[in-house]
Amino acid sequence: MTKEQKTASRTFTQQARRAQIVQAAIETVAEVGYSHASLQRIAKHAGLSSTGMISYHFAGKPELIAEVVDTIFRTLREAVTCRVGQETTYRGKLGAYIRSHVDFIGCRPEYTLALMDIVATVRRERIEGLEDLKERALSLAELVDLLDAGRRAGEFGSFDSFTTALVIRGALHSLLCHRMLDVNLDLDRCGRELVQVVDRCTQPA
């Protein structure tokens, strides 16, 4: 049975319980890190009396963390796709791409913290089911495609889309790191300024 078939066969209650456990795992990893996020800690955070309920839904910590990563990426992708899809120009889509990532940092800090910690852990050790995590986290394909389409449409100038995508993602990562050090950082202002800087840099000659 495929993952999609398994998901479809679960009852509403089972799906709700899995979502509760996954959310507790995200918050626990964000708080104490992957290495210290034991099933006991996660169960306690979820308000469960024991780890038995977690074991009923997940074969073990690796499977649970794989679901955590899928949930984070899916939630971010849905947020970005929704915002970008509302724009009718590629310049507007690029601004929406940047703002949706900045807003995600502010609205879902536990998601970004958990993902960063898991990615750092995968760099040091192997986690079953997350062999492709580094590639997923570093992928620029979606942003490169957006920039390429905008250039073909004449809305952007002449530049290397991959390098420009690296710069944009690097700025977003730096913004996330600064927010981790300073919770009072004005993300809204930084997001607006970043959109304006990128807009100026991508203008046609």
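This is a short talk on a predicted model of a single chain, going from the overall fold to the helices, the largest pocket and a few residues.

I'll start with the whole chain. There are eleven helices and zero strands, so the order of elements from the N terminus is simply α-α-α-α-α-α-α-α-α-α-α. The C-alpha atoms fill a box of roughly 60 × 40 × 30 Å along the principal axes. The chain has 205 residues, and buried residues make up 41% of them. The exposed surface comes to about 11500 Å², with carbon and sulfur atoms supplying 53% of that area. On contact order, take contacts between residues at least 6 apart in sequence: 65% of these join residues at least 24 apart.

Now the helices, beginning with H2. H2 has 21 residues and reaches 30 Å from first C-alpha to last, close to the 30 Å expected at 1.5 Å a residue. Its buried residues are Arg18, Ile21, Val22, Ala24, Ala25, Ile26, Thr28 and Val29. As a reminder, an α-helix has 3.6 residues a turn, so residues three or four places apart point the same way. The cover over the buried residues of H2 includes helix H3 at 39-45, helix H4 at 52-57, H5 and H7. Just after H2 comes Gly33, with a positive phi of about 90°.

Next, H6. Its 18 residues should span 26 Å at 1.5 Å a residue, and the end C-alpha atoms are 25 Å apart, which agrees. H6 is mostly covered, with 14 of its 18 residues buried.

H7 covers residues 109-124. Its 16 residues reach 23 Å end to end by C-alpha, close to the 22 Å expected. Which residues of H7 are buried? They are Glu110, Tyr111, Thr112, Ala114, Leu115, Ile118, Val119, Thr121 and Val122. Those buried residues pack against H2, H5, H6, helix H8 at 133-138 and helix H10 at 161-181.

On to the largest pocket. About 940 Å³ of space lies in it. The lining has 29 residues, and those nearest the centre are Phe73, Leu76, Leu115, Ala137 and Arg169. By type, the lining divides into 19 nonpolar, five polar and five charged residues. Which helices each supply at least two lining residues? They are H5, H6, H7, H8, H9 at 141-152, and H10.

Phe73, from that central group, is worth following further. It is found in helix H5, residues 61-85. Is Phe73 buried or exposed? At 14% relative accessibility it falls under the 20% cut-off, and therefore Phe73 counts as buried. Leaving aside neighbours within four places in sequence, Phe73 is in contact with Leu115, Leu133, Arg136 and Ala137. Leu115 and Ala137 are also listed among the residues nearest the pocket centre. For a distance to check on screen, the C-alpha atoms of Phe73 and Leu94 are 21 residues apart along the chain and separated by 19 Å.

Val69 is also found in H5. This residue is buried, with a relative accessible area of 0%. Apart from neighbours within four places, Val69 is in contact with Ile118, Leu130, Leu133 and Arg136. Of those, Ile118 is one of the buried residues of H7. Leu133 and Arg136 also appear in the contact list of Phe73. Between Val69 and Ser35, 34 residues apart along the chain, the C-alpha separation is 15 Å.

A third residue in H5 is Glu78. At 48% relative accessibility, Glu78 counts as partly exposed, because that class lies between 20% and 50%. Glu78 and Glu142 are 64 residues apart in sequence and 13 Å apart in space, C-alpha to C-alpha.

Last, a loop residue. Leu48 is found in the loop between H3 and H4. Its relative accessible area is 15%, and Leu48 is buried. Not counting residues up to four places away in sequence, Leu48 touches Arg17, Gln20, Ile21, Ala43, Met53 and Ile54. Ile21 is one of the buried residues of H2. The C-alpha atoms of Leu48 and Ala59, eleven residues apart along the chain, are separated by 17 Å.

That is the end of the tour.

Terms used:
Residues numbered from 1 in each chain as written. Predicted model: local features only at pLDDT ≥ 70, side-chain atom pairs only at ≥ 80, totals over all residues. Heavy atoms only, no water. Helix = DSSP H or I, 4+ residues; strand = E, 2+ residues; numbered from the N terminus. Buried < 20%, exposed > 50% of the residue type's maximum accessible area, 1.4 Å probe, protein only. Contact = heavy atoms within 4.5 Å. Expected span 1.5 Å × (residues − 1). 1 Å grid on protein atoms, 1.4 Å probe; cavity = no way out; pocket = protein on both sides within 12 Å on 5 of 7 lines; lining within 4 Å. Points joined across faces, edges and corners; volume = space filled by probe spheres on them. Nonpolar A, V, L, I, M, F, W, Y, C, P; charged D, E, K, R; others polar. Areas by Shrake-Rupley, 256 points an atom, 1.4 Å probe, with all protein chains shown as cover.
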